[in-house]
Amino acid sequence: MESSSTAAGGGNMKGYFRQRKKTGGITKSNSNSKSKKSSSPDHSATLASDIAKPPSLISHASLDLQDDYDGNEEVLRQFDVNMAYGPCLGMSRLDRWDRANSLGLNPPKDVERLLRVGKLRSECLWDGRV
Amino acid sequence: MEAMELDSEDNLQRKQCLYQSLDESFAIRKEMYRGQQYSQIYFARLHLMRTLLYSLLPNWKPHLPVCTVLELEEGKECIIVGTLYKHMKLKPSILDEYSKERSATPLVKPHNFMHPDDDLVLEDESGRVKLAGTVLIPSIYVTGIVVAVQGKETVGGDFLVEDVLEAGLPHQEEQPLESGEDKYVVFVSGLSVGSSSSNPLQFQLLVDHITGHLGDEMEQRVAAEIVQVVIAGNSVEVPHGLLNGQNLASKDQSRLSEPIKELDILLTQIAASVPLDIMPGLNDPANFALPQQPLHRCLFPGSSAYNTFRSCTNPHSFELDNIRFLGTSGQNIDDLEKYSDAKDKLDIMERTLRWRHIAPTAPNTLAFLCG
């Protein structure tokens, strides 16, 4: 069984699973791999799993639960829900920042910096969810 | 070919003016509005107008505190600024189609939806409050205007209005008076070429007058002082029977384009002589919602050959010799007439100046596209 899977897993089961990508995809913890009964890769999509799902099954909403959420995204979300700058739905975050700036509302400069430089979400937190 | 000159040696020259178009903000490229229920439009409007009204408060009632709707306390005299909402019983609502019981109220009168029971509500981001009192008469106001009101909250939770402040007219720049040189702009609207009531002879008379082909030298001198012609909408009227959604027979297709061809012939004569701006109106072949985009140049093969011919948006804004013009083809005033009471249309136009907003009922009852 030659598998080059990167994460540690239970003994023989590893060989039945598809090779895991190093970056991207969904990576949940491996703790439930030992309790699985079925090990066939045909059922991989139905298992609560540590397997990378095929891209067609990744829904957009679920990506938000993972990697993108960090301190920077939190700053942007606080900007989104701040009522002083108006409704956040229907505009990109940068457009909303520009509008707040031209209305003289003095939006925080670090939000602008994060939006122009960073690779963070350009749409508000409710986008695609309502 | 030499023209016969019986009276004078020199030809009259038409006066000239420096023209600058300000229609940039009315042009729609690929923008689409993706907001929720026009919330973005109303936020921007409230914020811009409120900033303006706050700057006027020190000259109005400087001793009174200003607060938001949520900060109102019973009995406390204060000033609040917000957007007006007029609750109208007779305003047509799409939900009436779905109501289980068809009430006995008659079909809405198409010309006016007012009712003695209409009342006004003031709204800002924090909340809304019903306005009471006799100072603010609901029949004059419409939904969408931003005003400042002074008064206090009553026991019942309403706000008793004692005084109201509108944004008012903006500061006017002093225009230096030229040394007696008169220049004229001609505004014409509702030509309705192609309708049963339009008379081509009358239109031709207008064209002859503008181009100086009419009258003696005195008349021609007056015509030479016309520097700009603006056609403000409803220039054609397509026979309505043709627009029923069915495929057109080929003979009907030519009937559809006849009015526009006739219009183009007459506009060519005008454009050959004086700068001409044409704006779309309610009945013209342009998009329905404001701001209407310019009529396409291919509709006017004759006139668009001239560089004096300009197809413009509705609303249309331009500057002539540093005097700024702003106008519409009337849909905004017609809409205001349906929801408020006025002696005549000029009264309504004056109100739009005092409210500092040419179309306050957009996007509520006046179709409006926004980027």
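**Strands, cysteines and unusual backbone**

Q: Which residue in β11(B) is the bridge partner of Ser21(B)?
A: In this predicted model, Ser21(B) has Phe318(B) as its bridge partner in β11(B).

Q: What makes β1(B) and β11(B) a pair of strands?
A: The test is at least two DSSP bridges between them. β1(B) and β11(B), residues 316-320, have three bridges, in the antiparallel sense. Three meets the cut-off of at least two, so they pair.

Q: How do you know that β11(B) also pairs with β12(B)?
A: Five bridges join β11(B) to β12(B), and the two run antiparallel. Since a pair needs at least two bridges, five is enough. Within this pairing, Phe318(B) stands opposite Phe325(B) in β12(B).

Q: What is the order of the strands in the open sheet of chain B?
A: The order is β1-β11-β12, three strands with antiparallel pairing.

Q: Why are β1 and β12 of chain B said to stand at the edges?
A: Each has a single partner strand, so one side of β1 (19-21) and one side of β12 (323-327) lack a neighbour in the sheet. From one strand to the next, the twist averages 20°.

Q: What do β11(B) and β12(B) form, and how many residues lie between them?
A: They form a hairpin, with two residues between the strands. The turn includes Asp321(B).

Q: What makes the phi of Asp321(B) worth a look?
A: Phi is positive there, about 50°, although Asp321(B) is not a glycine. Most residues other than glycine have a negative phi. Asp321(B) is found in the loop between β11 and β12 of chain B.

Q: Why is Asp321(B) called partly exposed?
A: Its relative accessible area is 33%. Buried means under 20% and exposed means over 50%. The value of 33% falls in between, so Asp321(B) is partly exposed.

Q: What is the phi of Arg356(B), and where is this residue found?
A: Phi is near 55°, a positive value in a residue other than glycine. Arg356(B) is in the segment after α6 of chain B.

Q: How do you know which exposure class Arg356(B) belongs to?
A: Its relative accessibility is 30%. That is not under 20% and not over 50%, so Arg356(B) counts as partly exposed.

Q: Which peptide bonds of chain B are cis at Pro291(B) and Pro363(B)?
A: One runs from Leu290(B) to Pro291(B), with omega near -10°. Another joins Ala362(B) and Pro363(B), where omega is about -10°. Most peptide bonds are trans.

Q: Where do Pro291(B) and Pro363(B) lie?
A: Pro291(B) is in the loop between β9 (276-279) and β10 (309-311) of chain B. Pro363(B) is in the segment after α6 (345-355) of chain B.

Q: How many disulfides does the structure hold over all chains?
A: Zero. A disulfide is a covalent bond between the sulfur atoms of two cysteines.

Q: Why is there no disulfide at Cys298(B)?
A: The closest cysteine sulfur, in Cys312(B), is 16 Å away. The cut-off is within 2.5 Å, so the two sulfurs are too far apart for a bond.

Q: How do you know that Cys312(B) is not bonded to Cys17(B)?
A: Cys17(B) holds the cysteine sulfur closest to that of Cys312(B), at 15 Å. A disulfide needs sulfurs within 2.5 Å, so this pair is too far for a bond.

Q: Are Cys298(B) and Cys312(B) buried or exposed?
A: Cys298(B) has 58% relative accessibility. That is over 50%, so Cys298(B) is exposed. Cys312(B) has 4%. That is under 20%, so Cys312(B) is buried.

Q: Which residues make the nonpolar surface patch of about 300 Å²?
A: Val81(A), Trp126(A) and Val130(A) make it.

Q: What makes Trp126(A) accessible enough for a patch?
A: Patch residues need over 30% relative accessible area. Trp126(A) has 38%, so it passes that cut-off. It counts as partly exposed. Its place is in the segment after α4 (109-117) of chain A.

Q: What is the secondary structure of chain A and of chain B?
A: Chain A has four helices and zero strands, in the pattern α-α-α-α along the sequence. Chain B has six helices and twelve strands.

Q: What share of the residues is buried in chain A and in chain B?
A: In chain A, 31% of the 130 residues count as buried. In chain B, the share is 37% of 371 residues.

How values were computed:
Residues are numbered from 1 along each chain as its sequence is written. Chains are lettered from A and ligands numbered from 1 in the order in which they are written. This is a predicted model: local features need pLDDT of at least 70, side-chain atom pairs count only at pLDDT 80 or more; totals for chains, interfaces and linings use all residues. Side-chain values use heavy atoms; hydrogens and water are left out. Patches are made of residues with over 30% relative accessible area and no salt bridge: like charges are joined within 9 Å, nonpolar side chains (Val, Leu, Ile, Met, Phe, Trp, Tyr) within 5 Å. Accessible areas come from the Shrake-Rupley method with a 1.4 Å probe; for residues, only the protein chains shown count as cover. A salt bridge is a side-chain nitrogen of Lys or Arg within 4 Å of a carboxyl oxygen of Asp or Glu. Buried means under 20% relative accessible area, exposed over 50%, partly exposed in between (1.4 Å probe, protein chains only). Axes are lines fitted to C-alpha atoms, for helices over the stretch in contact, and angles run from 0 to 180 degrees between N-to-C directions.
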